[in-house]
Amino acid sequence: MSTGFKGKFYRQNMLARYAKDLVRRSRSHCELCGKSGVKLEVHEVPPLDEEPSVEGCVFICEGCHRQVDDPRKIVPSHWRCLNNSLYSEVPAVQVIAFRMLRHVAGMGEHWAEELMEYAYLDPEVEEWANAAE
Ligand SMILES: [Zn+2]
């Protein structure tokens, strides 16, 4: 058995334990689009630390998750929600919001380019946002 499997299993176990904290933090709303009454999933924000942490996770709906995982599936109009999530109190949410915004702006969406232009992130958050990819 590879240690990779063991590592993944350990991680999933740890992440499952954060669900309660994440439900509280998000008040059961998708941390990106604000949707409620839907199933929310834990997404770890890359680059991953060796030890998972609740601060390194966002709690998002399936619709957002699919597009975060695969930028080819991005539907630009969905991401108008970034107007709010970019200014979340949670750094991990800001990081994902900023990365998605950059993708959408790269698709030539003017509203996204404009939002990028005025976006202000704390230097640590910006560094994190630029750390992966
Ligand atoms: Zn969502």
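Me: Which helices each supply at least two residues of the lining of the largest pocket?

Reply: They are helix H1 (3-26) and helix H3 (82-85). The model is a predicted one.

Me: What makes a residue part of the lining of the largest pocket, and which residues lie nearest its centre?

Reply: A residue counts as lining if it has an atom within 4 Å of a pocket point. By that rule the lining has 16 residues. Those nearest the centre are Arg25, Ser26, Arg27, Glu31 and Ser88. The space in this pocket comes to about 320 Å³.

Me: Arg27 is in that lining. Why is Arg27 called exposed?

Reply: The relative accessible area of Arg27 is 67%. Exposed means over 50%, so Arg27 is called exposed.

Me: What makes the phi of Arg27 worth a remark?

Reply: Most residues other than glycine have a negative phi. Arg27 is not a glycine, yet its phi is positive, at about 50°. Arg27 sits in the loop between H1 and E1. Ser28 is found in the loop between H1 and E1 as well, and Ser28 also has a positive phi, of about 60°, without being a glycine.

Me: Why is Ser28 called partly exposed?

Reply: Ser28 has a relative accessible area of 35%. Buried needs a value under 20% and exposed a value over 50%, so Ser28 falls in between and is called partly exposed.

Me: What makes Cys30, Cys33, Cys61 and Cys64 donors of the zinc ion?

Reply: A donor is an N, O or S atom within 2.8 Å of the metal, zinc here. The SG atoms of Cys30, Cys33, Cys61 and Cys64 lie 2.3 Å from the zinc ion, so these four meet the cut-off. Along the chain, these donors have the spacing C-x2-C-x27-C-x2-C.

Me: Why is the site of the zinc ion called tetrahedral?

Reply: Four donors count as tetrahedral if all angles lie between 85 and 135 degrees. Here the angles among the four donor atoms run from 105 to 116°, so the site is tetrahedral. For comparison, the ideal angle for four tetrahedral donors is 109.5 degrees.

Me: How do you know that Cys61 is buried?

Reply: The relative accessible area of Cys61 is 2%. Buried means under 20%, therefore Cys61 is buried. Cys64, another donor of the zinc ion, is buried too.

Me: How many disulfides does the structure hold?

Reply: The structure holds zero disulfides. Take Cys81 as an example: the cysteine sulfur nearest to its own is that of Cys64, at 5.3 Å. A disulfide needs two cysteine sulfur atoms within 2.5 Å, so Cys81 is in none.

Me: Is Cys81 buried or exposed?

Reply: Cys81 has a relative accessible area of 12%. That value is under 20%, so Cys81 is buried.

Me: What makes the peptide bond between Pro46 and Pro47 a special case?

Reply: Most peptide bonds are trans. The one that joins Pro46 and Pro47 is cis, with an omega of about -5°. Pro47 has its place in the loop between strand E1 (40-44) and strand E2 (57-61).

Me: How do you know that Val68 and Gln67 are buried?

Reply: Val68 has a relative accessible area of 14%, and Gln67 has a relative accessibility of 6%. Buried means under 20%, so both count as buried. Val68 is found in helix H2 (residues 62-69), and so is Gln67.

Me: Where is Ile96 in space with respect to Val68?

Reply: Their C-alpha atoms are 7.9 Å apart, while 28 residues separate them in sequence. For Gln67 and Trp79 the values are 9.9 Å in space, C-alpha to C-alpha, and 12 residues in sequence.

Me: Why is Val75 called partly exposed?

Reply: Val75 has a relative accessible area of 43%, between the limits of 20% and 50%, so the term is partly exposed. Val75 is found in the loop between H2 and H3.

Me: Which domain does the record name for residues 21-69?

Reply: The unreviewed UniProt entry annotates residues 21-69 as "domain: PhnA protein N-terminal proteobacterial". In the model this span is 29% helix and 20% strand, and its end C-alpha atoms lie 23 Å apart.

Note on methods
Residues numbered from 1 in each chain as written. Predicted model: local features only at pLDDT ≥ 70, side-chain atom pairs only at ≥ 80, totals over all residues. Heavy atoms only, no water. Donors = N, O, S within 2.8 Å, 3.2 Å for Na, K, Ca; no water. Tetrahedral: all angles 85-135°; square planar, octahedral: opposite > 155°, others 65-115°. Buried < 20%, exposed > 50% of the residue type's maximum accessible area, 1.4 Å probe, protein only. UniProt positions renumbered as here; feature names shortened; annotations may be inferred. Helix = DSSP H or I, 4+ residues; strand = E, 2+ residues; numbered from the N terminus. 1 Å grid on protein atoms, 1.4 Å probe; cavity = no way out; pocket = protein on both sides within 12 Å on 5 of 7 lines; lining within 4 Å. Points joined across faces, edges and corners; volume = space filled by probe spheres on them.
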